[in-house]
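Me: Could you take a close look at the empty spaces inside this protein for me? I would like to know what surrounds them, and then how the ligand site and the rest of the fold fit into the picture.

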Amino acid sequence: MVYLLFKYASISVAVLVGLYAGLLGLLTTSFFQAHVVYLHKIQMTWFKDLDVPEIFGFLHGQTTPFSIKSSTGGMLYAWHILPIELYRQHESALVAEPSGFALDITSRFAFKLLRDDPDARLIIHMHGAGGTVGSGYRVPNYRAVSAGQPKTIHVLTFDYRGFGRSLGTPSERGLCLDAIAVVDWATEVAGIPSSQILIFSQSIGTAVSLAVSEYFALQSPPKVFAGTILVAPFVDVATLVTTYRVAGSIPLLSPLARFPLLFNYLSTFIRDKWLSKDRIAQYIRANEANGEKYQLTLIHAEDDYDIPSHHTEVVFWHAINATLPRGITYDELEEVKYKSKRDLGAAGSVMEWRTKNGVIREEILKTGLHDVVMGYPVITMAVMRIFQAVDPSFN
Ligand SMILES: *[C@@H]1O[C@H](CO)[C@@H](O)[C@H](O)[C@H]1NC(C)=O
């Protein structure tokens, strides 16, 4: 009896180990990696027509669906969202407009409200893995980013290749090219100066926004935006897989972290590495060398079970380290933080680091999970703080 139990138990353990090894084998293929990292086929808005933004809670004509051409030729599906007070002022004209997908967005009144207002500010939104422009907490997030100045803060959000209606297959290079195309559309077609553009990003979107911020900072002449907000960023993909939990609870690969040799071997198969820790450092070094003003805000909730907030602390450290000619160790920075971070009680804590050119802020919230935080007032505050620092008359 005991023997039989033991036998069955060991058979099931063997089966489980076999399945797990099979899973790991699959994960070394780039096809499966793309699906696991980007979750782009998990749309979450399956039965909703993105061309009818009203179903997602927008007013008639408030959101214009359209597409932007990527440099590799693909069409990227995008939404331009008007802030509420601006909408109110032009309500009758907007109600009289056609709604739905715009083949030529430049003919739409809503677009002209963006292009023809020299005071317009634009949030370029880079969303996280899975879903579309309309899913999850993204819609409340669009409201939160423009809530501080609902007359001037527009939102531009898009689906990367392979997500929603944007065709193609996601890859690190592909997503970066897509985001660059969207920035180019904003500055060239909509004519918004980069100092009036803020990049907002969450989760995997933070890796895209850092890549794009670095790319433009390294151009000559450099192009630097009003600022970049990173919600729930991560160090890099290799570090992420050791800590990521599917649906916040199933540790997929973290058991492997106990076997460093095996883990390092498997890490060599990671196709898209998304080295955010290095990109943030490069971005800061470029701006410090060029004397360009820059503002970075990192926000992470302690109860984020998808990406632990420790990732933000490490990314923040790499950022601070890049501002100092001789660098700083993680522990030294911890000591500085211990003395100078502001404790906001149940709201969490804030650490701000200023250089002659830049402001780097780390906000660790007590609550907010991985994505609910995107609709919180801290997001509104972060946006306003950045736009006001660039232009004190903006209020
Ligand atoms: C920190 O900065 C120093 C000086 O620039 C550099 O040599 C070092 O590699 C950096 N540390 C990390 C972990 O990037």
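Reply: Happy to. The largest cavity holds about 60 Å³ of space, in what is a predicted model. The residues that line this largest cavity are Gly61, Thr63, Thr64, Leu94, Glu97, Pro98, Ser99, Gly100, Arg108 and Ala110. Sorted by class, the lining of the largest cavity has five polar residues, three nonpolar and two charged. The charged ones in that list are Glu97 and Arg108.

A search of the whole structure turns up two cavities of 30 Å³ or more, so let me turn to the other one. The second largest cavity has a volume of about 30 Å³. Its lining is made by Gln33, Ala34, Val37, Arg271 and Asp272. By class, the lining of the second largest cavity splits into two nonpolar, two charged and one polar residue.

Open pockets deserve a look too. The second largest pocket contains about 240 Å³ of space. There are 17 residues in the lining of this pocket, and Leu344, Val350, Glu363, Leu365 and Val378 are the closest to its centre. Strand 11 (349-354), strand 12 (358-365) and helix 14 (377-390) each give at least two residues to the lining of the second largest pocket. Helix 14 makes the largest share of that lining, with four residues. By class, the lining of the second largest pocket comprises nine nonpolar, five charged and three polar residues.

Now to the ligand. Around the ligand you will find Arg285, Trp317, His318, Asn321, Pro325 and Gly327. Two polar approaches can be picked out here. A polar side-chain atom of Arg285 is 3.2 Å from an oxygen atom of the ligand, while an N or O atom in the side chain of Asn321 lies 2.4 Å from a ligand oxygen atom. On its own the ligand has 360 Å² of accessible area, and the protein covers 50% of that. Helix 12 (residues 310-321) brings three residues to the shell around the ligand, the largest share. The shell around the ligand has three polar residues, two nonpolar and one charged.

For the wider fold, look at the sheet. It is an open sheet of 10 strands with mixed pairing, in the order 1-2-4-3-5-6-9-12-11-10. Strand 1 (63-69) and strand 10 (342-343) are at the edges with a single partner strand each, so one side of each has no neighbour in the sheet. Strands 11 and 12, which sit next to each other in that order, are also among the elements that line the second largest pocket. At the other end of the order, strand 1 runs antiparallel to strand 2 (residues 75-81), and seven bridges join the two. Within that pair, Lys69 stands opposite Met75 of strand 2.

Finally, here are a couple of backbone details to find on screen. Leu39 has a positive phi of about 50°, although Leu39 is not a glycine. You can find Leu39 in the loop between helix 2 (30-38) and strand 1. Helix 2 may already be familiar, as the lining of the second largest cavity includes Gln33, Ala34 and Val37. The other detail is the peptide bond from Ser220 to Pro221, which is cis, with omega near 0°. Pro221 belongs to the loop between helix 8 (204-217) and strand 6 (227-231).

Note on methods
Residues numbered from 1 in each chain as written. Predicted model: local features only at pLDDT ≥ 70, side-chain atom pairs only at ≥ 80, totals over all residues. Heavy atoms only, no water. Near = heavy atom within 4 Å. Polar contact = N/O pair within 3.5 Å; in protein donor to acceptor, adjacent residues only side chain to side chain. Areas by Shrake-Rupley, 256 points an atom, 1.4 Å probe, with all protein chains shown as cover. 1 Å grid on protein atoms, 1.4 Å probe; cavity = no way out; pocket = protein on both sides within 12 Å on 5 of 7 lines; lining within 4 Å. Points joined across faces, edges and corners; volume = space filled by probe spheres on them. Pairing = 2+ DSSP bridges.
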